[in-house]
Amino acid sequence: MGMILGKISVETPKYDVIQSSADYEIRKYAPSVVAEVTYEPSQFKGNRDGGFTVLANYIGALGNPQNTKPEKIAMTAPVITKTPEKIAMTAPVVTKAGGEEEEGKKMVTMQFLLPAKYRKAEEAPRPLDDRVVIREEGERKYGVVKFGGMATEEVVKEKVENLKKSLERDGYKVTGEFLLGRYNPPWTLPPLRTNEVMIPVE
């Protein structure tokens, strides 16, 4: 019931808050191991969250774990998605040599953070599905803003733009694409959801 009511009862990543302001937090995250899948939404009938099922099958959230052990891996939060260049409105539209635009070829990368007991990628069970990649992420620093409700494209775009402006205003150097972290399953009531936009900084 807690899940529907927005209570987060699963493991979440470890981080230290380096700085806190009215607009955002600067957090330093500990190294972690992630399971990720990169895909074009058209592979899942246009569903941008299509990779969720692939990762949930790997950890055994939807039945038997699809890994070589097979070992059930605890679900953690947040589920992280990265959709490169979706928001960079200032960048020129890239056209391929053939003249057709890269429009519509928007790849999505979805990540599950594995429980902290897995310290190295090789300690995690190997996926049976070769679309799932297990890798280590080192210590990293993000500017983070938390918000409730539905993480629609429009809402996320606005949060990212505002966060970027605030970070740059305060002298932080943005070092990569934003990440969207969603802490609740899809059936959680919108007012009770927790989301975060995370932008890597130096």
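The legends below accompany several close-up views of this predicted model.

**View 1. The whole chain at a glance, with its 2 helices and 9 strands.** Let us start with the overall layout. From the N terminus on, the elements follow the order β-β-β-α-β-β-β-β-α-β-β. Of the 202 residues in the protein chain, 41% count as buried. Among contacts between residues at least 6 apart in sequence, 72% join residues at least 24 apart.

**View 2. An open sheet of 9 strands with antiparallel pairing.** Walking across the sheet, you will meet the strands in the order E1-E2-E7-E9-E8-E4-E5-E3-E6. The edges are formed by E1 (15–20) and E6, each of which pairs on one side only. On average, neighbouring strands of this sheet are turned by 30° against each other, direction ignored. Strands of a sheet pair through backbone hydrogen bonds, either parallel or antiparallel.

**View 3. The edge of the sheet where E1 meets E2.** E2 spans residues 25–29, and its antiparallel pairing with E1 runs over 5 bridges. A handy landmark here is Val17, which stands opposite Arg27 in E2.

**View 4. Strand E3 (32–39) and its two partners, E5 and E6.** E3 is largely enclosed by the rest of the structure, because 7 of its 8 residues are buried. With E6, E3 pairs in the antiparallel sense over 5 bridges, and Ser32 stands opposite Glu137 of that strand. With E5, the antiparallel pairing of E3 covers 6 bridges; look for Ala35 opposite Phe112.

**View 5. Helix H1 (residues 51–59) lying across E3, E4, E5 and E6.** H1 runs at about 30° to E5. Its buried residues are Gly51, Val54, Leu55, Ala56, Tyr58 and Ile59. These residues pack against E3, E5 (108–113) and E6 (133–137). Following H1 comes Gly60, with a positive phi near 90°.

**View 6. The largest nonpolar core, with 20 residues.** Ala35, Leu55, Tyr58, Leu114, Val132 and Ile134 are the residues that touch the most other members. E3, H1 and E5 are the elements that give two or more residues to this core. Zooming in on Ala35, and leaving aside residues up to four places away in sequence, you will find contacts with Leu55, Tyr58, Met110, Gln111, Phe112, Leu114, Val132, Val133 and Ile134. Apart from this core lies another, of 14 residues, among them Phe147, Tyr172, Ile199 and Val201. In soluble globular proteins, nonpolar side chains tend to be buried together.

**View 7. Helix H2 (residues 153–169) and its two faces.** H2 has 17 residues and reaches 24 Å from its first C-alpha to its last, close to the 24 Å expected at 1.5 Å a residue. Val156, Val160, Leu163, Ser166 and Leu167 are its buried residues. Seen down the axis of H2, they fall within an arc of 135°, so they line one face of the helix. The face turned away from this buried side carries the exposed residues Glu154, Glu158, Lys165, Glu168 and Arg169.

**View 8. What covers the buried residues of H2.** The cover includes E2, E7 (140–147), E8 (179–182) and E9 (195–200). Just after the helix, Gly171 takes a positive phi of about 85°.

Conventions:
Residues are numbered from 1 along each chain as its sequence is written. This is a predicted model: local features need pLDDT of at least 70, side-chain atom pairs count only at pLDDT 80 or more; totals for chains, interfaces and linings use all residues. Side-chain values use heavy atoms; hydrogens and water are left out. Buried means under 20% relative accessible area, exposed over 50%, partly exposed in between (1.4 Å probe, protein chains only). Helices (H or I, at least four residues) and strands (E, at least two) are DSSP runs, numbered from the N terminus. Contact means heavy atoms within 4.5 Å. Two strands pair if DSSP finds at least two bridges between them. Axes are lines fitted to C-alpha atoms, for helices over the stretch in contact, and angles run from 0 to 180 degrees between N-to-C directions. The expected span of a helix is 1.5 Å times one less than its number of residues. The arc is that of the directions from the helix axis to the C-beta atoms. A nonpolar core is a set of buried Ala, Val, Leu, Ile, Met, Phe, Trp, Tyr and Cys residues joined through side-chain atoms within 4.5 Å.
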